[in-house]
Amino acid sequence: MHLGLDEPVRECQYNPICTRNSSSMETSGHKKKRTPRRKWQIFPGRNRFYCNGRVMMARQTGVFYLTLVLIMVTSGLFFAFDCPFLASNLTPAIPVIGGVLFVFVLGMLFRASFSDPGVLPRATPDEAADLERQIDAANGPSGPGYRPPPRTREVVVNGQTVKLKYCFTCKIFRPPRASHCSLCDNCVERFDHHCPWVGNCVGKRNYRFFYLFILSLSFLTIFIFAFVITHVILRSNRTGFLSALKDSPASVLEVLVCFFSVWSIMGLSGFHTYLISSNQTTNEDIKGSWSTKRAKDNYNPYSYGNILTNCCAALCGPLPPSLIDRRGLIQSDTPQPVSHSNGSSMYNSTQLHTHMAATTPLLHSDPVMMGGEGPTLPGKSSLGGPCASLAPSQPSLPSSMPGLGCAGDMLTLRDPDTHCHHHHFVSPEETPSPGPMPLTLPCPAHMTHGGHMNPAQLYDPASQDSLHEDSVRGLVKLSSV
Amino acid sequence: MATEFHNLQELRHSASLANKVFLQRDYSEGTTCRFQTKFPSELESRIERPLFEDTVKRLNIYYAEAEKMGGQSYLEGCLACATAYLIFLCMETRYEKVLKKIGGYIQEQNEKIYAPRGLLITDPIERGMRVIEISIYEDRGSSGSCSGSSSTSGSSAR
């Protein structure tokens with residue numbers, strides 16, 4: 001194939017790679033004994049999934065249920081006890097407006113709680129290895145006892161220098177404004193904070209829902225508060241204050257709940273309105289990243305300059321799709337042929353070691369090396385969520401352990417209709433049983449560039465340990481070629 | 001294309017993955033999706049620079065189109081909010097439509113340009129929009145390592 005270039009071009013002929021997915025051969029015979037698993041079942045973060053992957057929440061959902069109960073009970077009491085009086089004595093528009101507000105509040109709450117906040121999937125082993133190489137090349141060789149310096153990369157965003165930090169858990173350089181939530185153990189894009197009331201992180205994809213939730217909730221709280229007071233006053237004009245309270249005891253409870261919650265909710269709405277208009281995240285505001293107190297010429301590189309554009313961008317801008325394919329089916333890989341290239345032979349042995357190690361229970365423990373930092377939450381906001389920053393407890397290994405953080409990938413092109421991807425996550429909950437283990441270990445997808453092995457047969461995830469051992473032996477033999 | 005498409009299984013035996021190149025994101029204009037157009041050295045002998053840069057620039061244009069904030073996206077956002085986002089049960093967001101277009105474009109590029117040169121582009125959405133992954137394949141029939149070397153006597157595997 002002569003390309004007409006000055007550079008020497010090899011004369012190897014290439015068989016073109018088939019870019020159409022040949023699905024039947026790959027998946028036949030693999031899934032006879034078990035139903036196809038979905039990717040959410042092996043998701044490496046500490047999230048909970050419901051409705052077969054459609055709903056995604058944080059692990060601790062107790063406070064979310066409290067939020068739900070408070071809203072529903074207060075609104076329910078309002079509709080049951082106060083609305084009949086108000087509808088008949090004032091106007092029936094009151095329960096209608098109240099109803100609309102209530103439905104909107106719940107809708108936004110569910111949307112904020114159940115959707116993916118913008119989780120960044122963890123790096124594939126190839127990417128991680130590539131990054132490691134780049135970092136090692138940049139830092140230079142270090143002695144055995146020497147702790148490598150924290151990994152950062154500087155980029156210039158719209159004229160401002162921003163430091164990108166390396167996340168040891170996810171094995172990526174976090175994009176600007178992304179942060180690692182230690183509660184959910186995920187890197188989240190445009191991370192705002194982890195909200196226990198909503199039971200989820202608040203990030204790029206659900207920030208507008210969160211904001212609309214607190215805004216509409218403050219309207220609802222004020223609405224209920226005002227009309228319950230009105231109701232009590234109107235009643236006590238007729239029958240006296242004490243008997244009015246006796247006639248509608250629920251009003252007392254409603255007033256109490258609304259009174260104590262309106263301050264924090266309104267405060268929060270105001271705070272987030274300010275954040276939206278200046279296009280900052282809670283994280284950035286607390287740290288004062290763009291404050292002029294830090295440096296005279298400090299400015300927010302993400303702001304569009306005027307308040308209206310910032311608001312429109314945050315609330316009405318395009319909604320990016322989820323990057324983690326929760327409901328995609330896990331497909332087993334086709335075997336990858338051995339590579340003879342010498343540039344990547346260093347990956348052969350290391351990958352093999354990591355794969356042998358992948359069988360050990362060590363990888364099944366919770367990831368101790370959480371190198372990211374969550375935002376430090378302010379005392380002023382009523383959002384709990386202690387996202388303390390944790391220092392990495394161990395430096396990541398070269399061509400690091402794929403077990404917890406990697407996604408093996410098929411070399412086939414994705415058919416746009418079916419997501420044929422194979423993820424090899426070993427979730428912390430999974431015990432090392434013979435079932436899932438063969439899936440993780442010798443899957444050829446883990447053999448990154450250079451380490452590609454070719455078990456002679458197609459890989460069968462339902463195989464027993466003996467077959468699993470066979471393929472491992474086969475891999476060892478082939479890698480020594 | 002002078003060659004027919006083989007079954008993927010067969011091709012695995014004739015082509016082997018040699019290396020993967022990753023094009024990182026370009027954050028110089030903010031957090032919008034853009035990829036660096038720097039030509040990686042590993043691809044120097046495999047593909048012409050203008051072709052490669054054209055592909056990446058085209059992808060950047062598509063992503064910019066997906067994330068563009070203009071009248072249409074605002075309208076879509078307001079309409080969605082008014083319907084409590086239920087409208088997305090029936091229709092796709094603009095972003096998703098553009099992503100499908102990108103998927104089609106990458107497939108077309110692979111078929112026409114990259115696969116004949118033994119390269120394969122992976123759609124960035126499958127890598128969390130972090131990188132454009134380009135897989136470099138070698139023909140198994142050729143002896144020893146081909147990457148980066150001058151022309152060897154290539155034994156065609158055909």
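A salt bridge here is a side-chain nitrogen of Lys or Arg within 4 Å of a carboxyl oxygen of Asp or Glu. The model is predicted. Searching the whole structure for such pairs gives 15 salt bridges over all chains.

One of them joins the side chains of A:Asp185 and A:Arg122, at 3.1 Å from N to O. A:Asp185 sits in the loop between strand 7 (179–181) and strand 8 (186–188) of chain A, and A:Arg122 in the loop between strand 3 (119–120) and helix 4 (125–139) of chain A, so the bridge ties together parts 63 residues apart in sequence.

Next, a helix pair. Helix 2 (residues 62–89) and helix 3 (residues 93–114) of chain A pack at about 170°, with axes 10 Å apart. Angles over 145 degrees count as roughly antiparallel, so helix 2 of chain A is roughly antiparallel to helix 3 of chain A. The contact holds 17 nonpolar, 4 polar and no charged residues. From helix 2 of chain A come residues including A:Phe64, A:Leu68, A:Phe78 and A:Phe79. Helix 3 of chain A answers with residues including A:Gly98, A:Gly99, A:Phe102 and A:Phe110.

Now the empty space. The count comes to 11 cavities of 30 Å³ or more. The largest cavity encloses about 110 Å³. It has 16 lining residues, and those closest to its centre are A:Glu189, A:Lys204, A:Pro320, A:Leu323 and B:Tyr95.

The second largest pocket holds about 780 Å³. Its lining counts 35 residues; closest to the centre are A:Tyr304, B:Thr31, B:Thr32, B:Glu67 and B:Met69. Helix 5 (207–239) and helix 9 (307–316) of chain A, with helix 2 (49–66) of chain B, each supply at least two lining residues to this pocket.

The table sets out the two linings and the helix contact by residue class.

| Site | Nonpolar | Polar | Charged |
|---|---|---|---|
| Lining of the largest cavity | 7 residues | 3 residues | 6 residues |
| Lining of the second largest pocket | 16 residues | 9 residues | 10 residues |
| Contact of helix 2 with helix 3, chain A | 17 residues | 4 residues | no residues |

Technical notes
Residues numbered from 1 in each chain as written. Chains lettered and ligands numbered in written order. Predicted model: local features only at pLDDT ≥ 70, side-chain atom pairs only at ≥ 80, totals over all residues. Heavy atoms only, no water. 1 Å grid on protein atoms, 1.4 Å probe; cavity = no way out; pocket = protein on both sides within 12 Å on 5 of 7 lines; lining within 4 Å. Points joined across faces, edges and corners; volume = space filled by probe spheres on them. Nonpolar A, V, L, I, M, F, W, Y, C, P; charged D, E, K, R; others polar. Helix = DSSP H or I, 4+ residues; strand = E, 2+ residues; numbered from the N terminus. Axes fitted to C-alpha atoms, helices over the stretch in contact; angles between N-to-C directions. Parallel < 35°, antiparallel > 145°, perpendicular 65-115°, else oblique. Contact = heavy atoms within 4.5 Å.
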